[in-house]
Amino acid sequence: MVLLPLWGLNAKAQDGESIRITGRVTDSIGTPLQGVSISVIGKSVSTFTATDGSYQLTAPSNGTLRFTNVGFISQDVAINGRTSISVVLVEDVTALTEVVIVGASLKQRDLTGAVVNINEAALKERPVLSINEALQGKASGVLIRNSPQPGGNASIRIRGNNSMQYGGNPIYVVDGVVMESDFNLLNLHDVLSINVLKDASSTALYGSRGAQGVVVVTTKKGSTGQGKVTYDGWVGFQEFVNESLTLGAKDMYDLRIEALENSNTVGGNFYANNPGATHEDFLNQELFAPGKLWFADYENTSYANGDNYNWLDAVTRKAVQQNHALGFSGGTDRSSYYLSFALNDQNGLVKNSNYKSYSGRINAEHHVNKWLKVGTNTSYTSGRDTYADDKVFGVARAANPLLPINADSLYLAWGNNWDINMENPLRSLTIDRKRTRNKILSANYLNINPIEGLNIRTSFSIDVLEQKYYEYIPSDIQQAKRDSYRGRAIHNIDSRNNYQWDNSITYDKTIGEHSISGLIATSMSRNSYNYTNVTARDFPIDDFRYYNLGAAFDKPNFALGSDFISSTLLSYLARANYSYAGKYFATLTGRYDGSSKFAKGHQWGFFPSVALAWDIAQEDFLKDIGQISQLKLRFGYGNVGNQRIPDYAFYSLYNPAYSSGQVSFNSSGLRGSPDLTWENQRQLNMGLDVGLFGNRLTLTAEYFDIVNSNLLMRRSLSTLTGYREAIVNIGEMTNRGVELSLNANVIRTNNFNWDLSANISSDKNTITQLYGDVNAIYAFGGFTGTDIQREGNFFLGESLNTIYMWEFDRIIQESDMDYVNGLTLPGKELQPGDILPKDQQNPGEPGYGVIDENDRIIIGKKDPKFYGGFSSNWAYKGLSLNAIFVYSYGAKAVSGYYESLMSGTGYGPTHKDMLDRWTPTHTNTNIPRATYDNSIRFSSGETSWGIQDASFLRLATLSLGYSLPQQVYSRAGLGGLRFYVSGNNLFTVTKYKGYDPENGDGYPTARMFVLGVNVSL
């Protein structure tokens, strides 16, 4: 049971006498709130808080103060003779915050259905740079995997997977402008609130674009009153969390000796030819005898000297990040403005990698007269990326710890094998790779209010992104030497333009206890994309790099590419809301979308939805129970669509070619599908919202049942057709799940507050139909292209993200050899200490005793069984402590990196787990033996032995802040001053043996320590 006490303190005055009261109003994380109205109930006395949240007024000592602010729950506080009263206001998620959707401006309360709101205070809890990072762990049903690379995009899934191939991230709607990419270019400091729309009733506003969920972003606006200036800045220091996984030089040297001795072709042959030979004989006569090349001279020297070389340290560093944001806001009774500037500078952990961005925003609104309003929300962002070559990190972590570090060699070696594909990472750092992105996002609107309740709005928006990529590989490094060119330069330039024109009419009317509102709207968007790519080879000198492509003299290999692509979406939208007495709610929505991505006759789709709600707490039989603030039942059902496929997929496309005086047309390999049409999603949602003790304890529960049909997929075709594949509508899948979120204001007093929040989500998808009577679609690959892959297969009745392979049975012991020798194995000669796959057939069944393709099974899925986050926030006077945890449980993961580290040959990087490897005297282990004969045994990646448990619990952020008292910062003319320190990714509890269970093994997750300051004037 959660106790929610209200404690009082401070000296009391005599009842009824007027006293001077001072105090401060903040939000749940200690940020001062400006413009809060404070009034004395029953009196005409009132005031407002200043920029630092402070106030003062005179009131009767036995009176009651009422604190109100838009977006927060009003709070009544008895004075009880106190002369100092400070208050923490809790956000009201049902507040009347204006949210701009496509085609219209709605109140946040009109977003019926499954909606999660994240306010500015919650977004500030973590010193991060992107919206997705700030959302992680805070919204039920939202699974986010962040990218650890500088400027990297996080992946986000709302309610799991709802398309087999053409789903992906949700759309972002920023002040009404729809974005489908480059979300990380948004400045987080500009964001006022985020609404995550999850069910069909709420996403139906977006029709075909809302099938994967919608993230509605509302940016800050100015407010009436004194102008405000804010500065938010922080600097962070990064380091790898889990960098060192591999053996050092000595352990690697010893392991190689053991691997060679265990090998049939080395140790086996030696002992067979030398009966009675000892281990010392093997070392002296075989491994280290004159002329033997099992170890290189440099390895023996390093081992004898006790040297250990860490190539990864040579190409990485501790990195510094910094972020600075400056904001100006204010307004009059007719106009308001918000102006901001921001700088973000991220050094990467790999040398020569960096991301830097500059951004600015102007949000302005002006009432021309009492019925006409105009405004703009416009931002500009310029991003600059500098990349290290993709292989720098990978080669460095795979380098031989016995090989001295220097830039002299073109490539690296294990033993005497100098590998031309292991380019020296120190030399690869000289590759010059840069990307620039310039983005303009602008929503401009005109609103006419001819009569009360009626609003006519038109808006024109643009989302323009210009991107340039440059690369130069100098002539003196291995990449150029191996591929025989004297320097190579690349210019890739592309442009994406989205133009959006929305028109809407809304009407709101209240008659007694009846409230009705209606919306009709049209929306037209046109997306265009074009690119020009140029690759030039062979330059006289490297000095000019990619600045002078014309200097390249290998004209026959001069490569050019370009294309121009466009698509259009036209939509008609109608929506009606009705509520009675704050008890009963109904919403009907219909959207009619037409897409140019389909052929005529298949372009239009209709997507309706209905949502009903009943707030039982407002009924007479519960109204007098003060502990129950809200008890709302919700029901929603609706359809949305999906058209996220390549343009012109209904055409068979050909490219013209000219050769020997003849023109020919070459197929793109994709056969057109003129009958291609919308992927359809039907979704049922049931929800319960509970508020107790004046909403100090709130609970939200959701259940959803989604059916995705007419799935858009690439289907492989017989080569006899002349095509490789076609995009078609086939199959069906379901997705069901539950979501729970809890928020509690556990303690609320003048000086101390404690808030808790937690959420948990679970979803499960199942493929219910493929095409025809097919029950499996396999993904093929490997060296021959005919091997069934362990990922990417589709099985009827199973999850979308399965792992399909041989199941690990056990590490073979000497006592198992009679059974093992009786097996028919695919070209394997197994010994004690090797991995044994499980025979899936029982004795007497066909196939028993044979390990083949019939023994492959689904051994797990990559989706978690449940995931979420929880946080706790303590505030005592000006001091605050905030902890945020994220977690995931039950997902399996393929870690190709870990599997490669368990080869056990001694001729490649090796995981520290091999220190516990099987030996004849150490058999009680699950780690296979070391041997040079890997080709004749099952590798760690051929069975489920190497599959990882990707469950984790992570302390995402721990932050300690202090807001200086008013009497201190006011002397400097400030309106507020707060300092904080925080740590990101401080620890992770997991069984995962690669780098990170969330981000995988491509780039280690970083730990960061931050120093920050918030200043207001």
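**Figure 1. In β40, Glu732 has Gln769 as its bridge partner.** The model shown here and in the other views is predicted. Glu732 and Gln769 belong to a pairing of strand β39 (residues 732-748) with strand β40 (residues 752-769), which run antiparallel and are joined by 16 bridges. The connection from β39 to β40 is a hairpin of 3 residues. Strands of a sheet pair through backbone hydrogen bonds, in either a parallel or an antiparallel arrangement.

**Figure 2. Strand β40 also pairs with strand β49 (residues 866-876).** The sense of this pairing is antiparallel, and 10 bridges make it up. Ala758 and its bridge partner in β49, Phe870, mark one position along the pair. Strand β40 is the strand that the hairpin of 3 residues connects to β39.

**Figure 3. Three strands form an open sheet in the order β4-β1-β7.** The pairing within this sheet is mixed. β4 (54-60) and β7 (87-88) are the edge strands; each has a single partner strand, so one side of each has no neighbour in the sheet. Strand β1 (residues 18-26) pairs with β4 in the antiparallel sense, over 7 bridges. Within this pair, Gly23 stands opposite Tyr55 in β4.

**Figure 4. A second view of an open sheet shows 3 strands in the order β34-β38-β37.** Pairing in this sheet is mixed. The edges are taken by β34 (670-671) and β37 (712-716), each with a single partner strand, so one side of each is left without a neighbour in the sheet. β34 and strand β38 (residues 725-729) run parallel and are joined by 2 bridges. Arg671 stands opposite Ala726 in β38.

**Figure 5. Helix α4 (residues 249-262) packs against helix α7 (residues 297-305).** Two packed helices are described by the angle between their axes and by the distance between the axes. For α4 and α7 the angle is about 125° and the axes are 10 Å apart. Angles of 65 to 115 degrees count as roughly perpendicular and those over 145 as roughly antiparallel, and α4 and α7 are therefore oblique to each other. The crossing in which α4 passes α7 is left-handed. On the α4 side the contact holds Lys250, Tyr253, Asp254 and Arg256, which meet Glu299, Asn300 and Tyr303 in α7. By class, the residues of this contact are 2 nonpolar, 1 polar and 4 charged.

**Figure 6. Tyr648 has a positive phi, near 65°, in a residue other than glycine.** Most residues other than glycine have a negative phi. Tyr648 is placed in the loop between β31 (628-642) and β32 (654-659). The relative accessible area of Tyr648 is 29%; partly exposed covers the range between under 20% (buried) and over 50% (exposed), so Tyr648 is partly exposed.

**Figure 7. Phe693 is another residue other than glycine with a positive phi, near 55°.** The loop that holds Phe693 runs between β35 (679-692) and β36 (697-709). With a relative accessibility of 36%, Phe693 counts as partly exposed.

Terms used
Residues numbered from 1 in each chain as written. Predicted model: local features only at pLDDT ≥ 70, side-chain atom pairs only at ≥ 80, totals over all residues. Heavy atoms only, no water. Helix = DSSP H or I, 4+ residues; strand = E, 2+ residues; numbered from the N terminus. Buried < 20%, exposed > 50% of the residue type's maximum accessible area, 1.4 Å probe, protein only. Axes fitted to C-alpha atoms, helices over the stretch in contact; angles between N-to-C directions. Parallel < 35°, antiparallel > 145°, perpendicular 65-115°, else oblique. Left-handed = near helix turned anticlockwise from the far one by under 90°. Contact = heavy atoms within 4.5 Å. Nonpolar A, V, L, I, M, F, W, Y, C, P; charged D, E, K, R; others polar. Pairing = 2+ DSSP bridges.
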